[in-house]
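Visitor: I am new to this structure and would like a close look at a single helix and what surrounds it. Please take me through it slowly.

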Amino acid sequence: MPLLELRIRRKAQPRAGGPALEVLRDVALDFPPGSVTALLGPSGCGKTTLLRILTGLDTAFEGEVRHRPRRIGMVFQEPRLLPWRSLAENLRIVAAAAGLPPPPVEALLARVGLEGWAPRLPGELSLGMARRAALARALAVRPELLVLDEPFASLDAANAVRMRAVIAAVLAEGATTAVLVTHAVEDAAALAGRVAMLTPRPATLSALVAVPEAARREPAVLQSALAG
Ligand SMILES: Nc1ncnc2c1ncn2[C@@H]1O[C@H](COP(=O)(O)OP(=O)(O)OP(=O)(O)O)[C@@H](O)[C@H]1O
């Protein structure tokens, strides 16, 4: 995968009966192949909007995205699994849509701690399990780019720990370029190679720092690097 280049000059959201809301301004970011980037920023600053532009879900912006890969795996806060399809079918459908042969469903589900769940329906899963199923589905497209939007939001402590371990294992393989939106410096320190920090809206890039090795043990080190 060549260097993925994001160049947003301006992104505004139209608002009924009022001026458009300027969400992003002058955000230029390159994503080297195999890099893991955490996007940090205050609530509502435009992180999800940036992800939607990066992945091509939103094309109504001024700027361009160069070398967007063909196979992109996404995990949204809402798992968005097809409710009347088994987990196996949910995985097969995205792989087929990407023009891939049937994916190794059992192996993918085992990887996220859902062995034996292939024939079950999404409604039988807790939020934590559904989020992990959504990750298995994202992996079913053999993603060149993996996008994780607040993967730990609203999970109880046990499920968050489990999700962190699964994501850490996937990212450690280094097979994919990844972008992780999170509020937590601790998660950025544990999982990412670098952090892109956004300002309040209209969001622009305020810092881009490599995660210092010491921050893996002591996340406060990353906090100081971002502040400095
Ligand atoms: N479809 C839309 N129409 C109008 N406004 C929108 C739309 N989507 C997002 N917005 C607004 O754009 C701003 C940025 O939203 P976005 O979801 O990208 O922020 P965020 O940083 O991901 O937020 P959070 O951290 O709370 O998830 C917010 O003020 C939001 O209300």
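Guide: We can begin on the outer face of one helix. The face of α5 that points away from its buried side carries the exposed residues A157, A158, A165, A168, A169 and A172. Exposed here stands for 12 or fewer other C-beta atoms within 10 Å of a residue's own, buried for 20 or more, and partly exposed for anything in between, with C-beta atoms placed from the backbone. Helices (H or I, at least four residues) and strands (E, at least two) are DSSP runs, numbered from the N terminus.

Two points about the model come before the rest. Residues are numbered from 1 along each chain as its sequence is written. The model is predicted: local features need pLDDT of at least 70 and side-chain atom pairs count only at pLDDT 80 or more, while totals for chains, interfaces and linings use all residues.

The buried residues of α5 are M163, I167, V170 and L171. They lie on the same side of α5, because they cover an arc of only 90° around the axis, the arc being that of the directions from the helix axis to the C-beta atoms. An α-helix has 3.6 residues a turn, so residues three or four places apart point the same way.

The length of the helix can be checked too. Helix α5 takes in residues 157-172, and its 16 residues should span 22 Å at 1.5 Å a residue, which agrees with the 22 Å between its end C-alpha atoms. The expected span is 1.5 Å times one less than the number of residues. Just after α5 comes G174, with a positive phi of about 70°.

On the buried side, the cover over α5 includes β3 (36-40), α4 (127-139), β6 (145-149), β7 (177-181) and α6 (185-191). Contact in this account means that the C-beta atoms of two residues, placed from the backbone, lie within 7 Å. In the loop between β6 and α5 is E150. E150 has a positive phi of about 45°, although it is not a glycine. With 20 other C-beta atoms within 10 Å, E150 is buried.

One of the covering elements, α4, deserves its own description. Of its 13 residues, eleven are buried, so α4 is largely enclosed by the rest of the structure. The buried ones are G128, M129, R131, R132, A133, A134, L135, A136, R137, A138 and L139. From first C-alpha to last, α4 reaches 18 Å, close to the 18 Å expected at 1.5 Å a residue. The elements covering its buried residues include β5, α2, α3, β6 and α5.

A residue of α4 ties these parts together. R131 sits in helix α4 and counts as buried because it has 29 C-beta neighbours inside 10 Å. Leaving aside neighbours within four places in sequence, R131 is in contact with V75, P79, P151, L155 and M163. M163 has already appeared among the buried residues of α5. By contrast, the C-alpha atoms of R131 and P19 are 36 Å apart, with their places 112 residues apart in sequence.

Another helix that covers α4 is α2. The buried residues of α2 are L87, N90, L91, R92, V94 and A95, and they pack against α3 and α4. After α2 comes G99, whose phi is positive, near 75°. The loop between α2 (87-97) and α3 (105-111) also holds P104. P104 counts as partly exposed, because it has 14 C-beta neighbours inside 10 Å.

The strand β5 is also part of the cover over α4. The loop between β4 (62-66) and β5 (72-75) contains H67. H67 has a positive phi, near 65°, in a residue other than glycine. It is partly exposed, with 13 other C-beta atoms within 10 Å.

Last, the wider setting. In an unreviewed entry, UniProt lists residues 8-225 as "domain: ABC transporter"; the positions follow the numbering used here, feature names are shortened, and annotations may be inferred rather than shown by experiment. Over residues 8-225 the chain is 32% helix and 26% strand, with end C-alpha atoms 25 Å apart.
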